[in-house]
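Colleague: Please take me closely through the part of this model around the first helix, and then set it against the rest of the chain, with the pairings and contacts spelled out.

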Amino acid sequence: MAGLSLRCGDCGVQLRSVEEAQAHAEATSHTNFAESAEAVLNLICAGCGKPCRSQTEVDLHTKRTGHAEFTDKTMEAAKPIDLEAPLKPASEAMDVDASGSGESQAEMVAPEVNKEMLADLESMGFSMGRATRALHFSSNSTIEGVINWLSEHQEDPDIDEMPMVPAISNAEANKPSLTPEEKKIKAQELRERARKKKEEEERRMEREREKERIRIGKELLEAKRMEEVNERKRIIELRRLEKEEERRAREKIRQKLEEDKAERRRKLGLPAEVPSASKPSAALPIEEKKSALPVRPATKAERMRDCLRNIKQQNKEEDAKVKRAFRTLLTYIGNVVKSPEEDKFRKIRLSNATFQERVGNLGGTQFLELCGFEKLEDNEFLFLARDKVDKAILNTAGAELNSAITNPFFGVL
């Protein structure tokens, strides 16, 4: 019984006829063919009538179109292989009808394609004509490119026909497209293009870096400006406080002068000045109104200020000692604020000669008591308990001491 197909012993591809086997042998140089009782698959798509010769083609067609129903007409299309049919050599085909069709057939040949890729496609189940056509029209690129071309052209009516090209064109197609000199020039152009692209990228990056430097510079300038603004505000506030202190000092001096003047008039036997003569009568209701206001209790800061003012007034002739006492008190307070856990900064021996000379003899013990220090039962130490350390009060004390040290009008009266 004659076989229904020919199987290539080298790659396993099934071929329908001797002509397909001869074309396969010319394309791949495979020569080991044997008859097979297994027919070449012929699966017809029920949706569009597309014939598929392998399961791979079926899967690709289903993936592209969504058609999943196929009719198996393998046995209907199967025909016994006629091994006795003579094959016309190419030389005879060239001699037949030299005036017309014979000449054109002699000039048309199958295109040369990549034999390894052709064998791979045939092993995947594609016919030789379809594989050759895909390789030829996809310029022998890659298997992926060939599969994409087959997917796009699977509906073409001549998809399984062997493509034919003129012999001269086929020979010219195998020639290198560029001479060595042209390749060298092309490579130089590509290098020049890459160099220009790199330079352009570097310029772009430099512009980005310059923008970033400008942005950072602006932020630094803005931060510096805000710092200067805050410093000016702080200086203005300090000056305002100093002016307020000076105003109070001048007011006390004026009142003292008024009292001295009144005392001299009394000693000289002169009548006291009538308040209405020196001040407008409209001021009296204001004084009455002021006296009618409730008296506000003195704050901790005011009591500290009065204590420091008393120290200065009681030691008017010893300004250097007073300032030294204020600085010593400021040191005591600062040590407690910086290291509240240290017992040595929160405990002062009252009998210490240095303490008595600098602070105790001038009345500074009362100021320390206002800051929270307490005398122990034996009156030997001034002690500030850890749980009674109030940084707010200590900071207020420091501010009052700073003002007393720096303000030349502090405690004038």
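Modeller: Helix α1 is followed by Ser29, whose phi is positive, near 65°, and this should be read with the reminder that the model is a predicted one. Within the helix, which spans residues 18–28, the buried positions are Val18, Ala21, His24, Ala27 and Thr28. In an α-helix, residues three or four places apart point the same way, because there are 3.6 residues a turn. The cover over the buried residues of α1 includes the strands β1, β2 and β3 together with the helices α6 and α7, and it is convenient to take the strands before the helices.

Strand β1, residues 5–8, pairs with strand β3, residues 33–36, in the antiparallel sense and over four bridges; here Arg7 of β1 has Ala34 of β3 opposite to it. Strand β1 also pairs with β2, residues 14–15, again in the antiparallel sense but over two bridges, and in this pairing Leu6 stands opposite Leu15. Five residues lie between β1 and β2 in their hairpin, where Gly12 adopts a positive phi near 80°.

On the helical side of the cover, α6 holds Glu122, a charged residue by class that is nevertheless buried, since its relative accessible area is 3% and the cut-off for buried is under 20%. Apart from its neighbours within four places in sequence, Glu122 is in contact with Cys11, Val13, His24, Thr28 and Met128. Two of these partners, His24 and Thr28, are among the buried residues of α1 already listed, and Met128 belongs to α7, which covers residues 128–137. Glu122 and Thr132 are 10 residues apart in sequence, and their C-alpha atoms are 9.6 Å apart in space.

The helices α6 and α7 also serve a further element, namely α8, residues 143–153, whose buried residues are Val146, Ile147, Trp149, Leu150 and Ser151. These residues pack against α6 (115–123) and α7, and also against α2 (55–65). Thus α6 and α7 are found both in the cover of α1 and in the packing against α8.

Two other groups of strands can be described in the same terms. One is an open sheet of three strands in the order β5-β4-β6, with antiparallel pairing, in which β5 (51–52) and β6 (70–72) are the edge strands and each pairs on one side only. Strand β4, residues 43–45, is joined to β6 by three bridges and runs antiparallel to it, with Cys45 opposite Phe70. The other is an open sheet in the order β9-β11-β10, also with antiparallel pairing among its three strands; its edges are β9 (347–349) and β10 (374–375), each of which has a single partner strand, so that one side of each is left without a neighbour in the sheet. Three bridges connect β9 with β11, residues 381–383, in the antiparallel sense, and Ile348 has Leu382 as its bridge partner there.

Further along the chain, α17 has contacts with two helices. The axes of α14 (residues 319–338) and α17 (residues 391–406) come within 10 Å and cross at roughly 155°; an angle over 145 counts as roughly antiparallel, and α14 and α17 are therefore roughly antiparallel to each other. This crossing is left-handed. Among the residues that make the contact are Phe326, Leu330 and Ile333 of α14 with Leu394, Gly398 and Leu401 of α17, and by class the residues of the contact divide into 10 nonpolar, three polar and three charged. The axes of α13 (residues 300–314) and α17 likewise come within 10 Å, but cross at roughly 35°, and the crossing of α13 and α17 is right-handed. This contact includes Met304 and Leu308 of α13 and Ala397, Leu401 and Ala404 of α17, with seven nonpolar, one polar and three charged residues in total. Leu401 of α17 thus takes part in the contact with α14 and in the contact with α13.

For the protein as a whole, the secondary structure comes to 17 helices and 11 strands, and buried residues make up 26% of the 413 residues. Of the contacts with a separation of 6 or more, 67% are between residues 24 or more positions apart.

Technical notes. Residues are numbered from 1 along each chain as its sequence is written. This is a predicted model: local features need pLDDT of at least 70, side-chain atom pairs count only at pLDDT 80 or more; totals for chains, interfaces and linings use all residues. Side-chain values use heavy atoms; hydrogens and water are left out. Axes are lines fitted to C-alpha atoms, for helices over the stretch in contact, and angles run from 0 to 180 degrees between N-to-C directions. Angles under 35 degrees count as roughly parallel, over 145 as roughly antiparallel, 65 to 115 as roughly perpendicular and the rest as oblique. A crossing is left-handed if the near helix is turned anticlockwise from the far one by less than a right angle, and right-handed if clockwise. Contact means heavy atoms within 4.5 Å. Buried means under 20% relative accessible area, exposed over 50%, partly exposed in between (1.4 Å probe, protein chains only). Two strands pair if DSSP finds at least two bridges between them.
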